Amino acid sequence: MRILGIDPGLQTTGFGVIDVDGPRLGYVASGTIKTTGAERGNLPARLKIIFDGVTEVIARYTPDQASVEIVFVNVNPQSTLLLGQARGAALAALVARGLPVAEHTALQMKKAVVGTGSARKEQVQAMVSRLLALPGVPGKDAADALGLAIAQAHAGHSLAALAQATTLARKTHASYRRGRVY
């Protein structure tokens, strides 16, 4: 299975692609989509660059699913709104190509990759490099995107195991007691 991770940002959107074969993870590609070519005040042009960039990554690497970081609330509400729009452009490109999309918070990604939700960017970069046996350390945005793909790989593995487990039978005795269902 091939997973595409997206770390949305209005100036720099990171992407990372990994292959998953059971518990094994394999690096495919990573990089960034930069909107610095568009005029800083031209938001629609910058969103189009993100949309087109994600579309190109999908066409080139043909992932089976995607994982996108959930936007957190900044101190500056304007920054949060702009980040949300960049995230929306990336999500629109993913769903327009029919990819199933999972969403993870930065905390969930850091826990899955480093083991603690309070990990620094440098720790995420180092662990992503180790987990994927990379010759060097990826950039911060690309490392976060690869981390999101890794988090989805771990979550998908766990969910598949749960799906194969047998369902528990509901106890029929003492199901009703004083009008309450147990």
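These legends walk through several close-up views of a predicted model.

In this predicted model, local features need pLDDT of at least 70 and side-chain atom pairs count only at pLDDT 80 or more, whereas totals for chains, interfaces and linings use all residues. Residues are numbered from 1 along each chain as its sequence is written, and side-chain values use heavy atoms, with hydrogens and water left out.

**View 1. Asp-7, a buried acid without a salt bridge.** Asp-7 sits in strand β1, which covers residues 2-7; helices (H or I, at least four residues) and strands (E, at least two) are DSSP runs numbered from the N terminus. Asp-7 is buried, which here means under 20% relative accessible area, while exposed means over 50% and partly exposed lies in between (1.4 Å probe, protein chains only). The nearest side chain of opposite charge is Lys-121, 4.8 Å away; Lys and Arg count as positive and Asp and Glu as negative, with His and the chain ends not counted. A salt bridge needs a side-chain nitrogen of Lys or Arg within 4 Å of a carboxyl oxygen of Asp or Glu. Leaving aside residues up to four places away in sequence, Asp-7 touches several others, among them Thr-12, Thr-13, Glu-69 and Asp-144; contact means heavy atoms within 4.5 Å.

**View 2. Gly-26 in strand β3.** Strand β3 runs over residues 24-34. Gly-26 is partly exposed, with a relative accessible area of 25%. Not counting residues up to four places away in sequence, Gly-26 is in touch with Val-17, Ile-18, Asp-19 and Leu-132. Look also for Leu-131: it is 105 residues from Gly-26 along the chain, yet their C-alpha atoms are separated by 8.8 Å.

**View 3. Helix α1 against helix α2.** Two packed helices are described by the angle between their axes and the distance between the axes. The axes of α1 (residues 43-61) and α2 (residues 77-96) come within 8 Å and cross at roughly 35°; they are lines fitted to C-alpha atoms, for helices over the stretch in contact, and angles run from 0 to 180 degrees between N-to-C directions. From α1, the residues taking part include Leu-47, Phe-51 and Ile-58, and those they meet in α2 include Leu-82, Ala-86 and Ala-93. The contact is made by 13 nonpolar residues, two polar and no charged. In that tally, Ala, Val, Leu, Ile, Met, Phe, Trp, Tyr, Cys and Pro are nonpolar, Asp, Glu, Lys and Arg are charged, and the others, Gly among them, are polar.

**View 4. A salt bridge within helix α1.** By the salt-bridge rule, the count comes to eight. One of them joins the side chains of Glu-56 and Arg-60 (3.3 Å, N to O). Being four residues apart in α1, the two are separated by about one helical turn. Glu-56 is partly exposed at 47% relative accessibility, and Arg-60 is exposed at 55%.

**View 5. Salt bridges between helices α4 and α5.** Lys-121 pairs with Asp-144, their closest N and O atoms being 2.4 Å apart. Lys-121 lies in α4 (residues 121-131) and Asp-144 in α5 (residues 140-164), so this pair ties together parts 23 residues apart in sequence. Lys-121 is partly exposed at 36%, whereas Asp-144 is buried at 5%. Lys-140 forms a salt bridge with Glu-122, with 3.9 Å between the closest N and O atoms. Lys-140 belongs to α5 and Glu-122 to α4, 18 residues apart. Salt bridges that share partners join Arg-120, Glu-122 and Lys-140 into one network.
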